[in-house]
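Work through the exercises below with the sequence and the model open side by side. Each task is followed by a stepwise solution.

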Amino acid sequence: MQQQLTTLARDSRALTALAVPLALTQLAQVALTTTDTIMMGVLGTEALAAGGLALVIFNQLRTMGVGLVTSVGNQVAAAAARAERGAEAAGTEKAGAKEAAAEPDAVTEPATGADHEVRGLVRAAMAVATLAGLAGAVLMVLIGQAATWLGQDATVAHRAQGMLAALAPGLVPCLWFQAVRQFTVGMRRPQALLQITLASVAVNAALNWAFIHGTWGLPRLGLTGIGVATSSVYLLSFLALYASARRDPQLAPLLSLDFWRADPATVRRLLGLGTPIAATYGSEAGFFSVTALLAGSFGPAALAAHTAVNQLVYIVFQVAVGLSHAASINVSRELALGEHAAARRIKNTALACGAAVTALVGIVYLTVPDLVLRPYFDPDAPADQQGLTIATSLLVLVAVLQLFDCAQNIGVGLLRGLDDTRSGFRITLIGYWAVGLPCAWLLAYPLGGEIRGLWFGLLLGLATTAALLLRRYSRALTAKAAAAPDAVAAGA
C-alpha cells in the first residue's frame, strides 16, 4: 500500500509539473481574447457584433491550425526519451567494458541521432504551421467577403471584413508560436510559455487602446485596430518564445526554423497525425456552436443563461487542456521507454486530478451560485432575473457535465500519446453528433425540457465520448504491451 501511494505521488508530481504551466497558459490565453471583447464593447454594440463575428471566424481557423501541429509535442517527447534510453544503454556498456575505454562517439551517437530527428520535427512543424497559416489567412478574408451572403447585416459584415483583414497576417506567427510551443512542451521545458502569455495580455491591452484611439503616434483605426494589435501580439509572442528557447542550453541546439528545408516525409507524417486532431477540434467547436443556436430558440433569457454557463465551462476546460497535453506528452515518453505500466497509470492519475479540480469547482457552483454568476447577471436588475434563474438551475448539470468534459479531453490526449489520432476523431463524431446532439434535441423539444434538456443532452454526449475514448485507450495500450515482447524478439 505504501509503495502504491509513493508511486501515485510520483506520477502526480510528474503530471502536474507539466500540466500546471500549460493550464495557466491556457487561462492566460482566455484573458487575451476577453480583453479584445471588452475593448470591442467600449466601441459600441455594432462594433461588438462585428468584432465578435470576426473572432468566431478567426478562432475556428486558428483552432484547427493548432490541431495540425499539436502532435509535434508527442513526436519530440518520444524522440527525446529514445535518446535518453540510448545514452543510458551506452553508458552501461561503457562502464562494463573494463579492458578498454569506450569510444567517445559511442555515448554521443544516440543523442546525435535524436538531435537530428528533433530538428527535423521542428522544421516540419514550422512548414506545416506556415502552410496552414497562409491558407487560413486567405480563407479568413474570403469568408469575410462572403459574410453578407451568409445572412449578416451589411454594416456589421463590412466592419468585420476590416478586422478580419487585420487579423489574417497574425495567423502565421500565431501558428509558428504553437509549433515552437509544442517543441518546448515535448522537451518538458514549458515554463517560459506562462510568462510570455501573461506579458502578451498586458501588451495586447495597451496596443488595443493605442490603435483604437491613435495614441503614442499610432494611427487611429477603431475596431480594425484591435485586429492589428492582436496580430502584432502574436508576432511578438513568437519572437519572445523563440528568444527564450535560444537561451536554453537544452533547446537551442535543436531549434531549427528553416522550414524550407523540411523533409517532405516528416511533413506528411505530421499532417497525417494532425489532420484528425484539427478535424476533432473543429467538430467540437461546431458542436457547441450548434447548441448555442438551439439555445437561442428558447428566447433571449435562455440564450443569455446558456452563454454565461458555457463560458464557465470553457474556463474550467482550460485546466482539462493542460492535463490532456501533459498526459499525452508523458504517455509518448513512457511508451518510447517501453514502460507500458507507467502509461496506464498516467490515465488514472490524469483522471484523478481532473476529478479533483472539477469536484472543487462544482462545490463552488452549488454553494455560491449567485457569486459565480454575478459577472454575467445583476441580481437586483429585474431584466436579469429570468436569465439568472435559468443559469442557476443549469449549474447543477454543469457541475457533473464538466467532469465528463474533462475526461473526454484527457481521453483525446491519451490516444494522441499512442499516435492514434484517427480513433479520437471517429469517437468524438459518435459522441458529439450521433449521441449528444440528437439527445439534446429530443430532450429540449419533443420531451419539453427546453434549455435544461439541451444541457442534459450535452452531458450525455460528453459522457459517451469520454467512456468510448478511455476504453479505446485501455484496449490499444493493452495491445501494444502484448505486442512489445514480439517486437523486441523480431528486432533482435
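The exercises go from model confidence to helices, cores, aromatic pairs, backbone angles and single residues.

The model is a predicted one, in which local features need pLDDT of at least 70, side-chain atom pairs count only at pLDDT 80 or more, and totals for chains, interfaces and linings use all residues. Residues are numbered from 1 along each chain as its sequence is written, and side-chain values use heavy atoms, with hydrogens and water left out.

**Exercise 1. Confidence**

Task: State the mean pLDDT of the protein and examine residues 97-111 and residues 487-492.

Solution.
- Step 1. pLDDT is the predictor's confidence in each residue, from 0 to 100. The protein averages 85, and 89% of its residues reach 70 or more.
- Step 2. Residues 97-111 have pLDDT below 50, and this stretch makes eight contacts (heavy atoms within 4.5 Å) beyond near neighbours in sequence.
- Step 3. Residues 487-492 are also below 50, with zero contacts beyond near neighbours in sequence.
- Step 4. Where pLDDT is low, the predicted coordinates should not be read in detail.

**Exercise 2. Helix spans**

Task: Compare the expected and modelled spans of α5 and α11.

Solution.
- Step 1. Helices are DSSP runs of H or I with at least four residues, numbered from the N terminus. The expected span is 1.5 Å times one less than the number of residues.
- Step 2. Helix α5 (residues 154-167) has 14 residues and should therefore span 20 Å; its end C-alpha atoms are 20 Å apart, which agrees.
- Step 3. Helix α11 (residues 340-367) has 28 residues and should therefore span 40 Å; the end C-alpha atoms of α11 are 41 Å apart, which agrees.
- Step 4. Buried means under 20% relative accessible area, exposed over 50%, and partly exposed in between, with a 1.4 Å probe and protein chains only. Buried residues of α5 include V156, A160, M163 and L167; those of α11 include H340, A343, K347 and T349.
- Step 5. An α-helix has 3.6 residues a turn, so residues three or four places apart point the same way.

**Exercise 3. Nonpolar cores**

Task: Which residues have the most contacts inside the largest nonpolar core?

Solution.
- Step 1. A nonpolar core is a set of buried Ala, Val, Leu, Ile, Met, Phe, Trp, Tyr and Cys residues joined through side-chain atoms within 4.5 Å.
- Step 2. The largest has 90 residues, and M140, M163, F183, L414, L418 and Y473 have the most contacts inside it.
- Step 3. Helix α4 (residues 104-145) gives the most to this core, twelve residues.
- Step 4. A second, separate core has 34 residues, among them V309, V313, L454 and L458.
- Step 5. Leaving aside neighbours within four places in sequence, the contacts of M163 include M40, L55, L223 and I226.

**Exercise 4. Aromatic pairs**

Task: Describe the geometry of the F287 and Y432 pair and locate both residues.

Solution.
- Step 1. Rings of Phe, Tyr and Trp (its six-membered ring) pair if their centres lie within 6.5 Å; planes under 30 degrees apart count as stacked, over 60 as edge-to-face and the rest as tilted. The whole structure holds nine aromatic pairs.
- Step 2. F287 and Y432 are stacked, at 5.1 Å centre to centre and 10° between the planes.
- Step 3. F287 lies in helix α9 (residues 264-296) and Y432 in helix α14 (residues 421-444), so the pair ties together parts that are 145 residues apart in sequence.
- Step 4. F287 is buried at 0% relative accessibility, and Y432 is buried at 0%.
- Step 5. Ring pairs link F287, F288, Y432 and W433 into a cluster.

**Exercise 5. Positive phi**

Task: Where do W216 and D419 lie, and are they buried or exposed?

Solution.
- Step 1. Most residues other than glycine have a negative phi, and most peptide bonds are trans.
- Step 2. W216 has a positive phi of about 55°. W216 lies in the loop between α7 (191-213) and α8 (223-247) and is exposed at 65% relative accessibility.
- Step 3. D419 has a positive phi near 65°. D419 lies in the loop between α13 (385-417) and α14 and is partly exposed at 38%.

**Exercise 6. Single positions**

Task: Give the surroundings of T230, and the C-alpha separations of R13 from T349 and A482 from H340.

Solution.
- Step 1. T230, in helix α8, is buried at 6% relative accessible area. T230 touches D36, L167 and N204, not counting residues up to four places away in sequence.
- Step 2. R13, in helix α1 (residues 2-42), is exposed at 54%. R13 and T349 are 336 residues apart in sequence and 9.9 Å apart C-alpha to C-alpha.
- Step 3. A482, in helix α15 (residues 450-491), is exposed at 54%. The C-alpha atoms of A482 and H340 are separated by 9.7 Å, with the two positions 142 residues apart along the chain.

Conventions: Helices (H or I, at least four residues) and strands (E, at least two) are DSSP runs, numbered from the N terminus.
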